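Please work through the exercises below with the sequence and the structure at hand. Each task is followed by a solution that goes step by step.

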Amino acid sequence: MCGVVGIVGTSPVNLKLYNALQVLQHRGQDAAGIITVDEDDNFHQRKSNGMVTEVFQQRHMLRLTGNIGIGHTRYPTAGSSSAAEAQPFYVNSPYGIALAHNGNLINSKELKEKCKKAHRHVNTQSDSEVLLNILAWKISKINKDIPTHDDIFDAISGVYEEIKGGFSVVSVVLGIGMIAFRDPYGIRPLVLGEKKDENGKSQYMVASESVALDVIGFKMIRDVKPGEALLITKDGELHSRICAKDPVLNSCIFEYVYFARPDSVIDGASVYATRVRMGTKLAEQIKHEHQDLKIDVVIPIPDTSIDIAVQIARTLGVPYRQGYVKNRYVGRTFIMPGQKERKKSVRNKLNPIPSEFAGKNVLLVDDSIVRGTTSLQIVQMAREAGA
């Protein structure tokens, strides 16, 4: 899970990218980065480990000049959490290409070998750098000074033939513009937005979630379709093509349960409304399968399970209470880079209110059990508080 954003504007995009990354911070807290392109087709980059507000200071923002740029917030799923693997990545040839990626490639080892045969060097363990080199390899076959949009789409079609997994990608090709594409199953989300400048000229933005468009004042046009690629030229022309074979939408349920913000809309579905419906369905299942179960109170594990827990309590006719207090300054435990960090952070993150547990049969509502790391400790805390 990561957050990606890209903008082709008619004015400097550095602050817009920064603000978008701030509202995508929940998708990755390990590292952040921005690359912009100036009028002379030069890259300007800042990336490092840390939160968005830690990575970008005023001196960095002043150097990020240009009307085109991409940004990334990272949660490490492949490779390590070192600063060297912060994104975006870029390569000088062909043309100059920068790329940011959300997702996982399941055949990255095979792809690394193909990169070697294509005389392309991958310097990290990140599958995103592998993807960048596969894209660069395919674009290098165009062999033109100024590729057409059809040339670029043909190259992306070649990328789809090589890579396997779930992904959403934003990339800048110097002299051409920004490209974006989504995996053939639509596993990882990607949305397209538009905003008119004071002269009525269109500016375009792509992002992992619609909330990033909202904050920057872009109007959401639509979701990028599964297997679809977009090319937005540096002059602001939008082109699109389905580049993958036999695409079909199979959204990742984890986006709706845990990853995404509740104020986002993914593939036409409100994340908040989806969570409410999950609460209704789960309450109906509890009524049907656990008729003899005495439930005194419903308590969520904050934050993303709150919407579901409220609806369960309402449907069951049982009191809802906030029994755990969350420390807002501790990151999401699922995206902690190591098992020890996840275990240690649970106690720092949550603290029970004993009066809400004492002597009660408590229905705890959690948003997800990924590794099972936190569940045991959360239940233990409830019992120690008197449940």
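**Exercise 1.** In this predicted model, locate Asp-303 and describe the peptide bond that leads into this residue.

*Solution.* Begin with the two elements on either side: Asp-303 lies in the loop that runs between strand β16, residues 297-300, and helix α10, residues 306-316. Then turn to the bond from Pro-302 to Asp-303, which is cis and has an omega near 10°.

**Exercise 2.** Examine the loop between β5 and β6, and describe the peptide bond into Pro-94 as well as the phi of Tyr-95.

*Solution.* The first step is to place the residues: Pro-94 is found in the loop between β5 and β6, and Tyr-95 lies in the loop between β5 and β6 as well. The second step concerns the backbone, where the peptide bond from Ser-93 to Pro-94 is cis with omega near -5°, while Tyr-95, although not a glycine, has a positive phi of about 70°. The last step is accessibility: the relative value for Tyr-95 is 26%, and because partly exposed covers the range between under 20% for buried and over 50% for exposed, Tyr-95 counts as partly exposed.

**Exercise 3.** Find the loop that holds Asp-41 and decide whether this residue is buried, partly exposed or exposed.

*Solution.* Asp-41 sits in the loop between β2, residues 31-37, and β3, residues 43-49. Its phi is positive, at about 60°, although Asp-41 is not a glycine. With a relative accessible area of 27%, Asp-41 is partly exposed.

**Exercise 4.** Write down the strand order of the open sheet of 6 strands, and name its edge strands.

*Solution.* Reading across the sheet, the order is β5-β6-β7-β8-β12-β13, and the pairing is antiparallel. The edges are formed by β5, residues 89-91, and β13, residues 238-242, each of which pairs on one side only. Neighbouring strands of this sheet are, on average, turned by 20° against each other when direction is ignored.

**Exercise 5.** Describe how β8 and β12 pair, and then find the helix that lies across β8.

*Solution.* Start with the pair itself: β8, residues 177-182, and β12, residues 228-233, are joined in the antiparallel sense over 5 bridges. For a point of reference within this pair, look at Gly-177, which stands opposite Thr-233 in β12. Finally, the helix in question is α5, residues 127-140, which lies across β5, β6, β7 and β8; its direction is at about 125° to β6, the strand of residues 97-105.

How values were computed: Residues numbered from 1 in each chain as written. Predicted model: local features only at pLDDT ≥ 70, side-chain atom pairs only at ≥ 80, totals over all residues. Heavy atoms only, no water. Pairing = 2+ DSSP bridges. Helix = DSSP H or I, 4+ residues; strand = E, 2+ residues; numbered from the N terminus. Axes fitted to C-alpha atoms, helices over the stretch in contact; angles between N-to-C directions. Contact = heavy atoms within 4.5 Å. Buried < 20%, exposed > 50% of the residue type's maximum accessible area, 1.4 Å probe, protein only.
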